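User: Please take a close look at one part of this chain, the open sheet and what packs on it. Set it against the chain as a whole.

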Amino acid sequence: MPQDNILLITTDQQRFDTINAWGNTSIFTPHLNYMAAMGTSFCSCYACCPICVPSRTTIMTGRHGYESGVVSNATHETQMRRQTRLRRTLPALLTDAGYQTCAKGKMHFEPARACYGFEQMTLPLDYMRQYDKKAETARPKVHLFGECEMEPVISTVDVKDSITTWITDQSIDFLETRDTTRPFFLWTSFTKPHPPFDPCRDFWSLYENIPMPAPVYGDWSRELEKAPQGFLAGAYENTNMHLFGPEQIAATRRAYYACITQIDYELGRLFGALRENDLFRNTWILFTSDHGEMLGDHHMSQKNLFFEGSAHVPLILVPPAGRGIPHNLTVDSLAEIADIYPTILEMAGIPLPEGLTGHSLLDPAALPADRIFYGDSLHTNFCVMQNRIKLVYTTCGDHLLLFNLKEDPMEQKDLSGDPAWQEKKQELFALLLAHVKETAPQVLEEIPSGAGSSCRFKTTPAPRFPGDMPGRWFGFHYHDYSVDTFH
């Protein structure tokens, strides 16, 4: 039987609650709604390290960040080179199995041009080089907003010249010029809605009269100065969102939603190309994002935290049409970014390498009910979650919070000081310490005692007040195209 084609679609920095079909009645996502109707929505998917490069490395290798040591944007090259030499990256395995493998859009690899198993790769770097040559007609990003800033800004190009349109054009070009004697694996990787939040004016205008959902605050985060400041350190360092008033936060969300809707409308063109080339009948489609965006929740912004806005991501799987595979399903079982690798290999009929800790999503009923989620970001922010009871911890300020997501899905009530939850808190923290002792012992220190020794996290001071961070950086770029950071 011929092998199926596989289309992986990813966005960058899209949080889980930004799909109309999943309950957000303030956002337009007709083509993600189509995917939800024709496939399976995994509504409890998390990133074990909610940062761009670690999540992409996990997709490429099937290894959690805490397993590979890739827990920041600067730590993946050695791991990726090794996995490519072993022919264990996802595209290497698929190429060796006869697939035509192609990546279009943001990869965020180092070095930027490293293919790591792909036969063909076209990057945002190429978009910028292309538009440098026609600066008289279109000049992207001359608003000069950086890669971290949260203030909204309108794109300096029309829709037809935007990077979102360009990535779709590149993907459709591949579908129309591919080697039809081989199955294909295409990774269409959109750069948005990662900051700068610079939608084209047409999409900004769509939201002119639509009220935006308000940010979420909890009993532990209502007042900025009294919130655990260690969790806010990254936001203070890279953004101004803690200074925003309600109308400013709403404007930021409007721009963020507009970027997502622009991607969604481009999916209509991509899906049209699949239909016109008769590819729906033998193509699996998988959609997800590398991490989310706090978007003002609890006064926070960006990612790298294990709160819902940052670590909880969308995941939808659409099977080939006409095979009688059940669709329009919702799965609440815990899923992870690490599950994408074994899922795609099973789609292709490729045996799974030994040692994988992710699970295939093709049989959702087989996902383990007792699965424990662990997270490590920057060796600073940590998480353990069991049966929807989530403990988050940061070494910056030695802060710990505990939430019951079954009753409190947006983490508004901290249970860490509740006497009724002390046993569960201690149980989860012990699990976390044991896990970190195995995966990142360098972040722990021994505590001598009469009964032997135990360990604790090495900590650093939290900021004393908003803005108390050395060296603020907003992700500014001008003509440095050496790294794939253009959004």
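Analyst:
**The chain, then the sheet**

Residues 24 or more positions apart account for 72% of the chain's contacts with a separation of 6 or more, a contact being heavy atoms within 4.5 Å. The model is a predicted one, in which local features need pLDDT of at least 70 and side-chain atom pairs count only at pLDDT 80 or more, while totals for chains, interfaces and linings use all residues. Residues are numbered from 1 along each chain as its sequence is written, and side-chain values use heavy atoms, with hydrogens and water left out.

The chain holds 13 helices and 17 strands; these are DSSP runs numbered from the N terminus, with at least four residues for a helix (H or I) and at least two for a strand (E). Its radius of gyration is 22 Å, close to the 23 Å that the globule rule gives for 487 residues, so the chain is as compact as a globular protein of that length. That radius is taken over C-alpha atoms, and the rule is 2.2 Å times the number of residues to the power 0.38. The C-alpha trace spans about 70 × 50 × 40 Å along its principal axes. Of the 487 residues, 61% count as buried, that is, under 20% relative accessible area with a 1.4 Å probe, protein chains only (exposed is over 50%, partly exposed in between).

Now the sheet. In it, 4 strands are arranged in the order β12-β13-β14-β15, open and with antiparallel pairing; two strands pair if DSSP finds at least two bridges between them. The edges are β12 (372–377) and β15 (399–404), each with a single partner strand, so one side of each is left without a neighbour in the sheet. On average, neighbouring strands are turned by 10° against each other, direction ignored. The axes behind such angles are lines fitted to C-alpha atoms, for helices over the stretch in contact, and angles run from 0 to 180 degrees between N-to-C directions.

At one edge, β14 (residues 389–394) pairs with β15 in the antiparallel sense over 6 bridges. Thr394 has His399, in β15, as its bridge partner. Helix α13 (residues 422–439) packs on the sheet and touches β12, β13 (381–386), β14 and β15. The direction of α13 makes about 120° with that of β13.
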